[in-house]
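Here is a short briefing on a single protein chain. Look over the fold first, then work through the topics below.

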Amino acid sequence: IDSLPHLLIAGSTGGGKSNFFRQVVLSLLKNSKHIQFYLLDLKRGIEVVEFSDLPNVRIAKDEKEAVSYLEKIVQEMKARFKYLEENRKKKIVPE
């Protein structure tokens, strides 16, 4: 994932895109301690229930939680960009 950080999933309706996406995300989450996912599911979390027991997943189930998580993510992004700028780096590599 380090060398290919972007992914496009395309296909026809009923072609298995959602199942593929779920399997990729679950695999990443179960195999890396460096990944933190914030999932926004305004259907009260029912669409992402299989992720709810994973320690590196936070699920926003309503608009208030979603806004709160997005604000935290923006703060983290700013902190990381500050770190990169101060250390003259282009990316952060987890140890």
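The notes that follow go from the overall fold to the core, the last helix and a few single residues.

This is a predicted model. The protein chain holds two helices and two strands, in the order α-β-β-α from the N terminus. Its radius of gyration is 16 Å, well over the 12 Å that the globule rule gives for 95 residues, so the chain is more spread out than a compact globule.

**Overall dimensions and surface**

- Along the principal axes, the C-alpha atoms of the protein chain fill a box of roughly 45 × 35 × 25 Å.
- Of the 95 residues, 18% count as buried.
- The accessible surface of the protein chain is about 8100 Å². Carbon and sulfur atoms account for 55% of that surface.
- Take the contacts between residues at least 6 apart in sequence: 29% of them join residues at least 24 apart.

**The nonpolar core**

- The largest nonpolar core has 10 residues. They are Val25, Leu26, Leu29, Ile35, Leu39, Val48, Phe51, Leu54, Val57 and Ile59.
- Helix α1 (17–31) and strand β2 each supply at least two residues of this core. The biggest share comes from α1, which gives three residues.

**Phe51, a core residue in a loop**

- Where does Phe51 sit? Its place is the loop between β1 and β2.
- Phe51 counts as buried because its relative accessibility is 3%, and buried means under 20%.
- Setting aside residues up to four places away in sequence, Phe51 touches Arg22, Val25, Leu26, Leu29, Leu39, Val57 and Ile59.
- Leu26 is 25 residues from Phe51 along the chain. The C-alpha atoms of the two are separated by 7.4 Å.

**Asn56 and Ile35**

- Asn56 also belongs to the loop between β1 and β2.
- Is Asn56 buried or exposed? At 9% relative accessibility, Asn56 is buried.
- The side chain of Asn56 comes to 3.1 Å from the backbone oxygen of Ile35.
- Neighbours within four places in sequence aside, Asn56 is in contact with Leu29, Ser32, Ile35, Gln36 and Phe37.
- Seen from the other side, Ile35 touches Leu28, Leu29 and Asn56, again not counting residues up to four places away in sequence. Ile35 is itself a member of the largest nonpolar core.

**Helix α2**

- Helix α2 covers residues 63–86, 24 residues in all.
- From first C-alpha to last, α2 reaches 35 Å. That is close to the 34 Å expected at 1.5 Å a residue.
- Asp62 caps the N-terminal end of α2. One of its side-chain oxygens lies 3.1 Å from the backbone nitrogen of Lys64.
- Which residues of α2 are buried? They are Ala66, Tyr69 and Leu84.
- The buried residues of α2 pack against both strands, β1 (37–40) and β2 (57–60).

**Positive phi values**

- Most residues other than glycine have a negative phi. Two arginines in this model have positive values instead.
- Arg44 has a phi near 65°. Arg44 is found in the loop between β1 and β2.
- Arg44 is exposed, at a relative accessible area of 51%. The cut-off for exposed is over 50%.
- Arg88 has a phi near 50°. Arg88 lies in the segment after α2.
- At 78% relative accessibility, Arg88 also counts as exposed.

**The segment after α2**

- Lys91 is placed in this segment too.
- Why does Lys91 count as partly exposed? Its relative accessible area is 49%, and exposed would need over 50%.
- Lys91 and Ala10 are 81 residues apart along the chain. Their C-alpha atoms are separated by 28 Å.

Definitions and conventions:
Residues numbered from 1 in each chain as written. Predicted model: local features only at pLDDT ≥ 70, side-chain atom pairs only at ≥ 80, totals over all residues. Heavy atoms only, no water. Helix = DSSP H or I, 4+ residues; strand = E, 2+ residues; numbered from the N terminus. Expected span 1.5 Å × (residues − 1). Buried < 20%, exposed > 50% of the residue type's maximum accessible area, 1.4 Å probe, protein only. Contact = heavy atoms within 4.5 Å. Polar contact = N/O pair within 3.5 Å; in protein donor to acceptor, adjacent residues only side chain to side chain. Core = buried A, V, L, I, M, F, W, Y, C linked by side-chain atoms within 4.5 Å. Rg over C-alpha atoms; globule rule 2.2 N^0.38 Å. Areas by Shrake-Rupley, 256 points an atom, 1.4 Å probe, with all protein chains shown as cover.
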